[in-house]
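Me: I'm new to this structure and would like a close look at one part of it. Please take me through the salt bridges, and then through whatever lies around them.

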Amino acid sequence: AKESYHEFFKKISVLSSFSDNEVRLFTKYLHRREFTTNEVIFRQGDSGYGFYFIFSGAVNIYSNHQTINSEDPGDLIVRLEKRQYFGEMGLLEEFNRRSATVMAAENTVLLGIFKPDLERMLEMHPVLGAKFLRETALIMANRMGQLTREIVSLKKKMKEFEQRL
């Protein structure tokens, strides 16, 4: 039997503090989107307005995508799989431009929440909306911390390399 949305979200660590009722309410604000292998979900530079959870399948995230018509998606950054998520900046920033191209790595089902859904959630269920915003901010803070650690590591490696020259 297929996993229910409720079971799926209870297994996502960033939503682990949600009660059963909060998960049930949260799923009412989601939109299911299906993509086939190599289908573009969004392109680098597109306007961003949604946050996606991978319900099934996987996506590849690419940087340095040059044009909308290009067949080359760019440099692979990461592959994300079931229960992972992406696009949180598109949900929170006012005039967000996507910083990467995302393509389905295989047949993939995404559950997305978009800015109007979040606004409606905040209006109808403010505690739930605030809780989701807090979790989304934590996702962004964790990713920023990871990026900072990677920059420090790269700078150290560059310095070591320069000293060898």
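Reply: Let's start with a bit of vocabulary. A residue counts as buried when its relative accessible area is under 20%, as exposed when that area is over 50%, and as partly exposed in between. Keep in mind, too, that this is a predicted model.

Now for the salt bridges. Here a salt bridge is a side-chain nitrogen of Lys or Arg within 4 Å of a carboxyl oxygen of Asp or Glu. By that rule, the model has eight of them. One of these joins Asp 20 to Lys 10, with 3.5 Å from N to O. Asp 20 sits in helix 2 (residues 20-27) and Lys 10 in helix 1 (residues 5-10), so the pair links parts of the chain that are distant, ten residues apart. How open are the two partners? Asp 20 has a relative accessible area of 47%, and because that falls between 20% and 50%, Asp 20 is partly exposed. The same reasoning fits Lys 10, which is partly exposed because its value is 32%.

Next comes Arg 79, which makes a salt bridge with Glu 106, and there the closest N and O atoms are 2.8 Å apart. Again distant parts of the chain are linked: Arg 79 belongs to strand 5 (residues 75-81), while Glu 106 is in the loop between strand 7 (101-104) and strand 8 (108-114), 27 residues apart. Both ends are partly exposed, with 38% for Arg 79 and 33% for Glu 106. There's a little network here as well, as salt bridges link Arg 79, Glu 81 and Glu 106.

The third pair is the one to follow further. Arg 143 and Glu 88 meet side chain to side chain in a salt bridge of 3.3 Å, N to O. Arg 143 lies in helix 5 (residues 126-164) and Glu 88 in helix 3 (residues 88-92), so this pair ties together parts that are 55 residues apart in sequence. The two partners don't fall in one class, though. Arg 143 is partly exposed at 34%, whereas Glu 88 is buried because its 6% is under the 20% cut-off.

So what is around that pair? The largest pocket holds about 950 Å³ of space. It is lined by 28 residues, and those closest to its centre are Ile 61, Glu 88, Met 89, Ser 99 and Arg 143, which puts both partners of the third salt bridge on that list. Two or more lining residues come from each of strand 4 (58-63), strand 5, strand 6 (85-86), helix 3 and helix 5. The biggest contributor is helix 5, with eight residues. Sorted by class, the lining has 15 nonpolar, eight polar and five charged residues.

Strand 4, the home of Ile 61, deserves a stop too. Six of its six residues are buried, so strand 4 is largely enclosed by the rest of the structure. Both its faces are covered: Ala 58, Asn 60 and Tyr 62 are buried on one side, as are Val 59, Ile 61 and Ser 63 on the other. What does strand 4 pair with? Strand 5 is an antiparallel partner, joined to strand 4 over six bridges, and in that strand Leu 80 is the bridge partner of Val 59. Strand 7 also runs antiparallel to strand 4, with four bridges between them, and there Val 59 stands opposite Ala 104.

Strand 6 leads on to the aromatic rings. The model has 17 aromatic pairs. Among them is the tilted pair of Phe 51 and Phe 53, 4.9 Å centre to centre with 45° between the planes. Phe 51 and Phe 53 are both buried. Phe 53 also pairs with Tyr 85: their ring centres are 6.1 Å apart and their planes are at 65°, so this pair is edge-to-face. Phe 53 is in strand 3 (residues 50-56) and Tyr 85 in strand 6, so here are two more distant parts of the chain, 32 residues apart, that get linked. Like Phe 53, Tyr 85 is buried. These rings are part of one aromatic cluster, whose members include Tyr 5, Phe 8, Phe 51, Phe 53, Tyr 85 and Phe 132.

Notes:
Residues numbered from 1 in each chain as written. Predicted model: local features only at pLDDT ≥ 70, side-chain atom pairs only at ≥ 80, totals over all residues. Heavy atoms only, no water. Buried < 20%, exposed > 50% of the residue type's maximum accessible area, 1.4 Å probe, protein only. 1 Å grid on protein atoms, 1.4 Å probe; cavity = no way out; pocket = protein on both sides within 12 Å on 5 of 7 lines; lining within 4 Å. Points joined across faces, edges and corners; volume = space filled by probe spheres on them. Nonpolar A, V, L, I, M, F, W, Y, C, P; charged D, E, K, R; others polar. Pairing = 2+ DSSP bridges. Phe/Tyr/Trp six-rings, centres within 6.5 Å; stacked < 30°, edge-to-face > 60°.
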